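Visitor: I should like a close look at a single part of this model, the nonpolar core, set in the context of the chain as a whole.

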Amino acid sequence: DVQLVESGGGSVQPGGSLRLACVASRVPNNNFCMAWFRQAPGKEREGVAVIDSDGITRHADSVKGRFTISEDNAKNTLYLQMNSLKPEDTAMYYCAARDFSRCGNFDWSAPGLFGRWGQGTQVTVS
């Protein structure tokens with residue numbers, strides 16, 4: 001099965017930037033949806049952004065214009081470039097994958113619809 005490992009989290013001041021990465025253990029399926037979620041203590045897990053096998057991206061309203069999801073298929077790596085970070089962005093960030101489906105074919109904000117998850121990487125903005 002595909003394994004996902006996140007990295008790149010850390011502590012930054014408001015207005016700073018971070019670049020998260022998620023490395024997959026194998027080449028993705030021809031049809032897939034890859035996602036970044038985040039979860040702060042006491043809050044629901046929140047969908048941040050997704051990208052599918054056609055390269056189509058979607059970003060949550062709360063991060064549009066500040067975060068950008070991308071992927072490097074040659075490196076089996078998913079990225080999340082985060083700029084203009086705010087304290088409310090503080091959370092554990094997770095990458096996730098749903099195979100055999102494009103992101104536009106389901107409710108990608110629902111974490112229960114993703115079958116593979118990484119261990120998470122902490123982002124703290126203060």
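**The nonpolar core in its chain**

Guide: From the N terminus, the elements of the protein chain follow the order β-β-β-β-β-β-β-β-β-β-β; these are zero helices and eleven strands (DSSP runs: H or I of at least four residues for helices, E of at least two for strands, numbered from the N terminus). The radius of gyration is 13 Å, close to the 14 Å of the globule rule for 126 residues, so the chain is as compact as a globular protein of that length (C-alpha atoms; the rule is 2.2 Å times the number of residues to the power 0.38). The model is predicted: local features require pLDDT of at least 70 and side-chain atom pairs pLDDT 80 or more, while totals for chains, interfaces and linings use all residues. Residues are numbered from 1 along each chain as its sequence is written, and side-chain values use heavy atoms, without hydrogens or water.

Of the 126 residues, 41% are buried (under 20% relative accessible area, 1.4 Å probe, protein chains only). The largest nonpolar core has 27 residues (buried Ala, Val, Leu, Ile, Met, Phe, Trp, Tyr and Cys joined through side-chain atoms within 4.5 Å). Trp36, Val48, Phe67, Leu78, Leu80, Met82 and Tyr93 have the most contacts inside this core. Two or more residues each come from β3 (18-24), β4 (32-39), β5 (46-52), β7 (67-72), β8 (77-82), β9 (91-99) and β11 (121-125). Another core, of nine residues, lies apart from it and includes Cys33, Ala35, Val50 and Trp108. In soluble globular proteins, nonpolar side chains tend to be buried together.

How values were computed. Buried means under 20% relative accessible area, exposed over 50%, partly exposed in between (1.4 Å probe, protein chains only).
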